[in-house]
Amino acid sequence: MLAFQGLLKKDFHISKNWFFLWIGFLALFLILPFALEVYFHQPLSFLPIAVIMLLGFHVFFLPGMLLSMLRLEGKTQLWLYNPQNSKLLILSKIVISIAYQLIAQLFITCVGLVIYLFFKDLFILDKADLFIELTTLNAGLVLISLYFSLWCLFYWTVYHSLGKYPKMKNWRWLFVVVLFILLSLISSFLESIDVLQDILTKWKIPVIMGASFKYSHAGYTLGLNTMNLPVLTLVLYVAISVGLFVISCLLLDRKVEV
């Protein structure tokens, strides 16, 4: 536990400046639509759209932060001599990246709630329990982002593990592209099998997967979009995520130089 805490502190130290810059960027980005609303005397014309857009964009934040941390670590080659196993090395970076994303999403969500409280009379909510649904929405964004991150981690470790082979070093990017295309074709083929799809989509649960913002003469309608998520499909994604993490750790255990 102490060793893992040490890794968390190290990863926080090497990435905190990037995160603070990101929070500063979010604040500046939100000031612009607010200034436009003040200038044109049109409240809620730009800012709510900016909030929803920034919140959705965080699907890509976690992969970007994780890859940037791996890149910084790779410059020093510290993990070639680190006594900790690769699972802890990667898990530490994932935990820090998730923490950053949660803080950033909380910041944007709070901005959205402040807007709602100031202009509450102009809003019409499609759903009653806003707190639970916003919590579910943010959790879903983190999980989707984590899934993308594990794919990025997988391709990153494949790319750098090929650097050990001189004949492949200059062509490893092509190998990764071919691997990506091959896995995409396999995925598309499996999705085209009706029997398999019937099994995977047999049991479903409703989840919130996005937000909508509409204007009408009655006011601004804020809705949280709900879709039925197949349970077995979710289990499959979890299994794929675990597999990607394990394979990435095995490749990193070979002490690849990046």
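In the predicted model, helix H5 (residues 130-161) and helix H9 (residues 231-253) have axes that come within 9 Å and cross at roughly 30°. Because angles under 35 degrees count as roughly parallel, H5 is described as roughly parallel to H9. The crossing of H5 past H9 is left-handed, and the contact is made on the H5 side by Tyr147, Leu150, Trp151, Leu153, Phe154, Thr157, Val158 and Ser161, and on the H9 side by Tyr237, Ile240, Ser241, Leu244, Phe245, Ile247, Ser248 and Leu251.

A second helix pair is formed by H1 and helix H2 (residues 47-57), whose axes come within 9 Å and cross at roughly 155°. With an angle over 145 degrees counting as roughly antiparallel, H1 is therefore roughly antiparallel to H2. This crossing of H1 and H2 is right-handed; the contact involves Trp22, Leu26, Phe29, Leu30, Pro33, Phe34 and Glu37 of H1, together with Leu47, Pro48, Ala50, Val51, Met53, Leu54 and Phe57 of H2.

Helix H1 itself comprises 39 residues (residues 2-40), which at 1.5 Å a residue should span 57 Å, and the 55 Å between its end C-alpha atoms agrees with that expectation. H1 nevertheless bends by about 50° at Ser15, a residue that is also buried. The other buried residues listed for H1 are Phe4, Leu7, Asp11, Phe19, Trp22, Leu26, Leu30, Pro33 and Glu37. An α-helix has 3.6 residues a turn, so residues three or four places apart point the same way. Just after H1, His41 takes a positive phi of about 55°.

Technical notes. Residues numbered from 1 in each chain as written. Predicted model: local features only at pLDDT ≥ 70, side-chain atom pairs only at ≥ 80, totals over all residues. Heavy atoms only, no water. Helix = DSSP H or I, 4+ residues; strand = E, 2+ residues; numbered from the N terminus. Expected span 1.5 Å × (residues − 1). Bend = angle between axes of the 7 residues up to and from the residue. Buried < 20%, exposed > 50% of the residue type's maximum accessible area, 1.4 Å probe, protein only. Axes fitted to C-alpha atoms, helices over the stretch in contact; angles between N-to-C directions. Parallel < 35°, antiparallel > 145°, perpendicular 65-115°, else oblique. Left-handed = near helix turned anticlockwise from the far one by under 90°. Contact = heavy atoms within 4.5 Å.
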